[in-house]
Amino acid sequence: MKSYRNRDIELCSFLIVLTFLLVVDQSSILAQGISDLGSQSRGINRTAMKITTEAKVSDDDYSNDQIPKQALKQIDPDKDRIPFDDLPLSAEDLKILEEATTELIPDYQAATVNIQVGGGQGSGVVISPEGHILTAAHVVGKVGNSVVIVFTDGRRHRATVVGVDVRADAAIVRLDGKGPYKFIPMATNEFAKPGRWVVAIGHPNGYETSRLPVVRLGRTLSITPRTIQTDCSLVGGDSGGPLFDLNGRVVGIHSRIGVSNSINYHVPVQVYLNDWEELNEGDTRDEDSDNNSKPAPPRKAYLGIRGRDATGTGCIITEVSPNGPAEDAGIKPGDIITKCDGKNVKNFGELVAALKANQPDDEIKITVRRNNTLKEFTVKLGATEL
């Protein structure tokens, strides 16, 4: 058990960081502060906010034999919700938010895993004691792929990709062992809503033995049937990791990182719930093949990289999505993009702007600097939707 002095220091740090956050920016400042608190919170005595993995399953459409009952968790909005969805207005509000978050973090981190596929890395979350893992499709590639799952304590297990929905960027991986595994259940009601507090966890830039999965606290900005937008700060390696609410549940999976690290997109957990049977039997069907389905949403060009501004000029690639357009063309992490279709690229923002001028299936020329040598690649752009 930590001393009162350490607890006071932690609370003071939290109050200072969050107060500054409310004045300046709602994502990156608090992200590091909460990460530090989460890494130190193992000694807290958990009471009311302790996670109950024996989920109370409702009689709605999700409580069927296809989804393990323990992988589902319903809440009573009148009893279980944190008492505010708005910004904290007092020191007492801040204290409640701090306690609620730090009490949940150890269990959240234990269920968050690193996923290694070939030379690439991403994140995921275990949502059942049997070893079902939710992640992003672009992290794991094709159905049947064998991947390595790395737990927080360094244990490594083999797992198999059992289902992929490329259009939604959703995938389910199944651990090859018998379990039981530490897990966090999926939300079945009271999903993410604009303004609601959420916790994003993942392995930025890949698994590191010197740290726990990194924690970022933020808020939901907007919702569509296929995406959640938040201000939780994410970088390469977080892809596929979980978005949690403050009631001990998974509400989304990290999908696409925006131009700013603090504007990011996640796959809503409803996608996994609705497509559970298909995702556990292989690729989901193409919705366009159903004459009764709704028209497909607009698609945007997809290169399949994560990056940041390079020192000097250009865009340095920090992550290349497995089986994505960039990887297929031969582009690698560490390459510095200097031109896109013959136009100079000074920073990551200019690269994004250049890509927006193209359509899915367009072929473009990407010039990179690799080991002080310029190389040009022809890339056939993929497609994604926002």
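**Close-up views of a predicted model**

**View 1. Strand β5 is largely enclosed by the rest of the structure**. This strand covers residues 146-150, and four of its five residues are buried, so β5 is largely enclosed by its surroundings. Please keep in mind that the model shown here is predicted.

**View 2. Strand β5 pairs with β2 and with β6**. Start with strand β2 (residues 112-117), which runs antiparallel to β5 and is joined to it by three bridges. Here you can find I115 standing opposite I149 of β5. Now look for strand β6 (residues 156-165): five bridges connect it to β5, and these two strands also run antiparallel. In this pairing, V148 stands opposite R158 of β6.

**View 3. A hairpin links β5 and β6**. Five residues sit between the two strands. Among the residues of this hairpin, look for G154, which takes a positive phi near 95 degrees.

**View 4. P268 is a buried residue of strand β14**. Strand β14 spans residues 264-268. The relative accessibility of P268 is 3%, and because buried means under 20%, P268 counts as buried. Leaving aside neighbours within four places in sequence, P268 is in contact with T224, P225, R226, T227, I228, V251 and G252. You can also locate I253, which is 15 residues from P268 along the chain, while the C-alpha atoms of the two are separated by 6.7 Å.

**View 5. C232 and C340 are buried cysteines**. C232 has a relative accessibility of 1%, and C340 has a relative accessible area of 4%. Both count as buried because each value is under 20%. If you are hunting for disulfides, a search of the whole structure finds zero.

Conventions:
Residues numbered from 1 in each chain as written. Predicted model: local features only at pLDDT ≥ 70, side-chain atom pairs only at ≥ 80, totals over all residues. Heavy atoms only, no water. Disulfide = S-S within 2.5 Å. Buried < 20%, exposed > 50% of the residue type's maximum accessible area, 1.4 Å probe, protein only. Contact = heavy atoms within 4.5 Å. Pairing = 2+ DSSP bridges.
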